[in-house]
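Here is a friendly walk through a model, in questions and answers. Have a look at it first, and then we can go through it together.

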Amino acid sequence: MDFRYIAVTAFALLIVLVLIRAAILRRQGIKVIIFGETDKSDFLLILPILFFVYALIGLPLPELLKHRALDSELLGWCGVALCAAALVWFAVTLRHFGSSFRVGIDENTKEKLITGGTFSLSRNPLYIGFDVFFIGQLLIAPNLASLIVVLFFGAVIHRQILREEKFLRAHYGQEYADYCGKVRRYL
């Protein structure tokens, strides 16, 4: 079975979830997309996404990058299941974010620290959703291009988490330190 259409649809749904949440908050007067405003290195995230989209829609790649390491329908369905679970997790996490959701670090936030819902399981539930989603995409298309995306995206996300933790520690002080003592960075 060709899972490419499912993979493209899942990725489109991920983008739509973010855009819908951003539009809802924008109507409330909240600027959500502040990506790159505090640190231009935020744009590092764009590289794996562009490469992923390029490979996902089937544009030309060297055979080495697009050759399927495994050709298993079961593996593809496992990837679909992971993507679906990640999308649900992502949507639930966006809801728990409330009006605090931002794409980028908002140094002027007046929002309170969120510790409930999925944030009681992980300090970075949105990023967990991203990672699971891209691992699912790797299972759908088990090739070197997908593996590169997963590894690079994972490294860039980890870097972003460290940057956000530094900001949260400075912004929320002891409240954030107490939260870190109760909830793990990942799972």
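## Confidence, fold and helices

Q: In which helix is confidence lowest, and in which is it highest?
A: Keep in mind that this is a predicted model. Confidence bottoms out in helix α2 (residues 46-56), at a mean pLDDT of 83. At the other end, with a mean of 97, the highest confidence belongs to helix α7 (residues 174-182).

Q: What is the average pLDDT of the protein?
A: A score of at least 70 is reached by 100% of the residues. Taken over the protein, the pLDDT averages 91.

Q: How many helices and how many strands are there in the protein?
A: Reading from the N terminus, the elements run α-α-α-α-α-α-α. The count is therefore zero strands and seven helices.

Q: What radius of gyration does the protein have, and does it agree or disagree with a compact globule?
A: The C-alpha atoms fill a box of roughly 50 × 30 × 30 Å along the principal axes. For 187 residues, a compact globule would have a radius of gyration near 16 Å. The protein agrees with that, at 17 Å.

Q: What share of the contacts with a separation of 6 or more is between residues 24 or more positions apart?
A: Contact here means heavy atoms within 4.5 Å. Among contacts with a separation of 6 or more, the share from residues 24 or more positions apart is 80%.

Q: Which elements help cover the buried residues of α1?
A: Helix α1 (residues 4-27) has 24 residues and reaches 35 Å from its first C-alpha to its last, close to the expected 34 Å. Its buried residues include A7, F11, L14, V18 and R21. Their cover includes α2, α4 (73-97) and α5 (125-140).

Q: How far apart are the end C-alpha atoms of helix α6?
A: Helix α6 covers residues 144-172, which is 29 residues. At 1.5 Å a residue, α6 should span 42 Å. The distance in the model agrees with this: 41 Å.

Q: Which residue has a side-chain oxygen that reaches the backbone nitrogen of A145?
A: Look at the start of α6, where A145 offers its backbone nitrogen. The side-chain oxygen comes to within 3.2 Å of that nitrogen, and it belongs to N143.

Q: Which residue takes a positive phi just after α1, and which just after α6?
A: Just after α1, a positive phi of about 85° is found at G29. Just after α6, the positive phi is about 55°, and the residue is G173.

Definitions and conventions. Residues are numbered from 1 along each chain as its sequence is written. Side-chain values use heavy atoms; hydrogens and water are left out. Helices (H or I, at least four residues) and strands (E, at least two) are DSSP runs, numbered from the N terminus. The expected span of a helix is 1.5 Å times one less than its number of residues. A polar contact is a pair of N or O atoms within 3.5 Å; within protein, one must be able to donate a hydrogen and the other to accept it, and residues adjacent in sequence count only if both atoms are side-chain atoms. pLDDT is the predictor's confidence in each residue, from 0 to 100. The radius of gyration is taken over C-alpha atoms; the globule rule is 2.2 Å times the number of residues to the power 0.38. Buried means under 20% relative accessible area, exposed over 50%, partly exposed in between (1.4 Å probe, protein chains only).
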